[in-house]
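Colleague: Got a minute to go through this one with me? Put it up and I'll start asking.

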Amino acid sequence: MEFSGFGEHAIDFFDGLEADNSKVYWEANKATYQQDVRAPMVALLADLAPEFGEGKVFRPFRDVRFSKDKTPYKTHCGGVVEQGRGGGAFYVQVGVEGLLVGGGSFAMASDQLARFRTAVDDDRRGRELEKILAKLEKSGWDVRGDRLKTKPRGVDPEHPRLELLKHRTVYAAKVWPPDDTLHEPGCGERVLTSWRELKAFNEWCVDHVGVSEKPWR
């Protein structure tokens, strides 16, 4: 199946799921999810695989074990290409907010965070990341991530890259609200162009964060 856009009822499905996040709604509308959301996402990742590698579609079920929010289903569908969790990822998501594309280190285990901060602290590698992120922001990307409110322990408060060192995760994201292109082949072009813009960032993450040596819970 060649990607030609997400189905016409994709956003309606997620709007309904946000209003009624229940097994009853899910079972009644599962066919719409499969046809208008999941199948196109699989096709999109397959189209991108020759350039970026094999991707996977995330399960629609939320992990509620450690969450106060016990709603069972995600109100989006995400797809990812990554070598290992946290070590640089190409991400795409369709949901209530429309199309979201992202890349970087969305999660870091303790060993990954240590490598990240060592690299950011280094003048050459740290400045390289600063330039990469500045270029992305200039192109309309939003640099996000979980950040400490204060400086990390042992870091000079006058460090030139203090704000980057506060990051516990770091990634870039770009969002297109629901529009006609979401349901057309042009949606695939948006993702392709965006992922190409993220290559330098993800290469930095692969080189300086890498895959965790510790098992994720």
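Colleague: Let's start with Cys 187: buried or exposed?

Modeller: Buried, going by this predicted model. Cys 187 has a relative accessibility of 0%.

Colleague: And where's the closest cysteine sulfur to that one?

Modeller: That would be in Cys 77, and the two sulfurs are 12 Å apart. A disulfide needs the pair within 2.5 Å, so Cys 187 is too far away for a bond.

Colleague: How many disulfides do you get overall, then?

Modeller: Zero, by that same distance rule.

Colleague: What about Cys 205, buried or exposed?

Modeller: Cys 205 is buried, at 1% relative accessibility. It sits in helix H7, residues 199-208, where Phe 201, Asn 202, Trp 204 and His 208 are buried along with it.

Colleague: Where on the helix do those buried residues of H7 fall?

Modeller: Looking down the axis of H7, they stay within an arc of 155 degrees, so they line one face of the helix.

Colleague: What's covering them?

Modeller: The cover includes two helices, H3 (110-121) and H4 (123-138), plus strands E3 (89-95), E4 (98-105) and E6 (170-176).

Colleague: Which residue has a positive phi just after H7?

Modeller: Gly 210, with a phi of about 70 degrees.

Colleague: Now the other end. Which residues are buried in H1?

Modeller: Helix H1 spans residues 10-19, and its buried residues are Ala 10, Ile 11, Phe 13, Phe 14, Gly 16 and Leu 17. Helix H2 (23-52) and strand E2 (76-82) are part of what covers them, and so are E3 and E4. Those two strands also help cover the buried residues of H7.

Colleague: Zooming out: how many helices and strands are in the chain?

Modeller: Seven helices and six strands. Starting at the N terminus, the order is α-α-β-β-β-β-α-α-β-α-β-α-α.

Colleague: And what's the radius of gyration?

Modeller: It comes out at 18 Å, close to the 17 Å the globule rule gives for 217 residues, so the chain is as compact as a globular protein of that length. The C-alpha atoms fill a box of roughly 55 × 40 × 30 Å along the principal axes.

Colleague: What share of the residues is buried?

Modeller: Of the 217 residues, 46% are buried. The chain exposes about 11,700 Å², with carbon and sulfur atoms supplying 49% of that area.

Colleague: How much of the contact set is between residues 24 or more positions apart?

Modeller: Those pairs account for 69% of the contacts with a separation of 6 or more.

Colleague: Switching to loops. Where does Thr 169 sit?

Modeller: In the loop between helix H5 (162-165) and E6. Thr 169 counts as buried because its relative accessibility is 11%, and the cut-off for buried is under 20%.

Colleague: What does its side chain reach?

Modeller: The side chain of Thr 169 gets to the backbone nitrogen of Asp 146, at 2.8 Å. Leaving out residues up to four places away in sequence, Thr 169 touches Ser 105, Phe 106, Ala 107, Met 108, Arg 144, Gly 145 and Asp 146.

Colleague: Last one, Lys 149: buried or exposed?

Modeller: Exposed, with a relative accessible area of 82%. Lys 149 is in the loop between strand E5 (142-144) and H5.

Colleague: And how far is Lys 149 from Ala 31?

Modeller: They're 44 Å apart, C-alpha to C-alpha, with their positions 118 residues apart in sequence.

Conventions. Residues are numbered from 1 along each chain as its sequence is written. This is a predicted model: local features need pLDDT of at least 70, side-chain atom pairs count only at pLDDT 80 or more; totals for chains, interfaces and linings use all residues. Side-chain values use heavy atoms; hydrogens and water are left out. Buried means under 20% relative accessible area, exposed over 50%, partly exposed in between (1.4 Å probe, protein chains only). Helices (H or I, at least four residues) and strands (E, at least two) are DSSP runs, numbered from the N terminus. The arc is that of the directions from the helix axis to the C-beta atoms. Contact means heavy atoms within 4.5 Å. The radius of gyration is taken over C-alpha atoms; the globule rule is 2.2 Å times the number of residues to the power 0.38. Accessible areas come from the Shrake-Rupley method with a 1.4 Å probe; for residues, only the protein chains shown count as cover. A polar contact is a pair of N or O atoms within 3.5 Å; within protein, one must be able to donate a hydrogen and the other to accept it, and residues adjacent in sequence count only if both atoms are side-chain atoms.
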